[in-house]
Amino acid sequence: MFSTFSGSQFVYGGGRITNILSSTSNVNPAYLGAATQTGSTLNLMQVGVNSYSNNLGRNDALKFLFSKDSISTDTKNQISQSILQGGGDFRLNGALNINWISGSWIKEGFGGLSINLSDYIVGNMLLNEDYAATLFTDDPNGGGTTTPNPNNKDLNANVLYNHTRVLSLSYGRSAYKDEKIKVFLGASYRHIWGIGHFDSSIADSTGNGYSSFSEFYSTVGDLTIDSLFSNKSRKLFDSSGGGQSFSAGVNLLFNNKLSVDFAAINLGRTKWRDN
């Protein structure tokens, strides 16, 4: 089983088996009510990261995504040669997921209750061949010019960055049981803080986009041990937008052999308002 978030995929193999992992609510909150035993979980500071690029190696991709360092000249030259000789576009995708705290409590008869606080950061970059060649070589034909579009080529690009903090509360329980049929229902509520968002696109050399960032980003760069407990540190919890979403699901079990599910996940929206 899996769920997706802006192109990132999360897989929960053991969640459906034990029915006590809070992350199962991302697939179907009804699973929380299908437990046959009492149990509880508590998870702290779980960090997951993934990245992909068709031109960058792992180290350069992670450096590009998670630091202020620029890629090396050698790497830049390798990318430009790959693009110029082989053609094709330039792609870079990455995701960072931080589960600060999550827990669940399951008891047959009561059902299952779970809570989770997590940060989700995703970034996607797609540059077409003309744009990538211009970016990494200044001039696709090697003429040395530094004009943005020296040969009047069609420059197309898409760049997306999104950072949200999510507090979710989920509950599932049994709604009907007999010897052949079991029905479980579940629902989730998510409160969303918008930390940062950037979305831009260039089509046929014409660009547009928008962004919204909280004080979180300027604070992280300036924070020191001395200022950790000052007013500055409070900006770590600043947001530039917010929203909410809802999920609901049903799990039908026939003769303990066939499981049929229906779920609507994360119906809602986030509004960006600042900066």
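A nonpolar patch lies on the surface of this predicted model. Its members are L42, L44, M45, V47, W100 and I101. Together they have about 610 Å² of accessible area. Strand β3 gives the most to the patch.

**Surface patch**
- Strands β3 (39-53) and β4 (90-107) each supply at least two residues of the nonpolar patch.
- The share from β3 is four residues.
- One of the patch residues, L44, is found in strand β3.
- L44 has a relative accessible area of 54%. That value counts as exposed, because the cut-off for exposed is over 50%.

**Nonpolar core**
- The largest nonpolar core has 12 residues in all. They are L56, A61, I79, I83, F90, L92, M125, L127, A132, A133, F136 and A157.
- Four elements each supply at least two residues of this core: helix α3 (73-86), strand β4, strand β5 (111-127) and helix α4 (129-137).
- Helix α4 gives the most to this core, with three residues.
- Strand β4 thus appears in both settings: it supplies at least two residues of the surface patch and at least two of the core.
- A132 is one of the core residues. Leaving aside neighbours within four places in sequence, A132 is in contact with I83, F90 and L127. These three contact partners are also listed in the core.

**A buried loop residue**
- S239 sits in the loop between α5 (216-222) and β9 (241-254).
- Is S239 buried or exposed? S239 is buried, because its relative accessible area is 13% and the cut-off for buried is under 20%.
- Which residues does S239 contact, leaving aside neighbours within four places in sequence? The partners are W193, G194, I195, S214, R273 and D274.

**Whole chain**
- The chain has five helices and 10 strands.
- Its length is 275 residues, and buried residues make up 36% of them.
- The accessible surface of the chain comes to about 15,400 Å². Carbon and sulfur atoms hold 55% of that surface.
- Among contacts with a separation of 6 or more, 68% join residues 24 or more positions apart.

How values were computed:
Residues numbered from 1 in each chain as written. Predicted model: local features only at pLDDT ≥ 70, side-chain atom pairs only at ≥ 80, totals over all residues. Heavy atoms only, no water. Patch = residues over 30% accessible without salt bridge, like charges linked within 9 Å, V, L, I, M, F, W, Y side chains within 5 Å. Areas by Shrake-Rupley, 256 points an atom, 1.4 Å probe, with all protein chains shown as cover. Salt bridge = Lys/Arg side-chain N within 4 Å of Asp/Glu carboxyl O. Buried < 20%, exposed > 50% of the residue type's maximum accessible area, 1.4 Å probe, protein only. Contact = heavy atoms within 4.5 Å. Core = buried A, V, L, I, M, F, W, Y, C linked by side-chain atoms within 4.5 Å.
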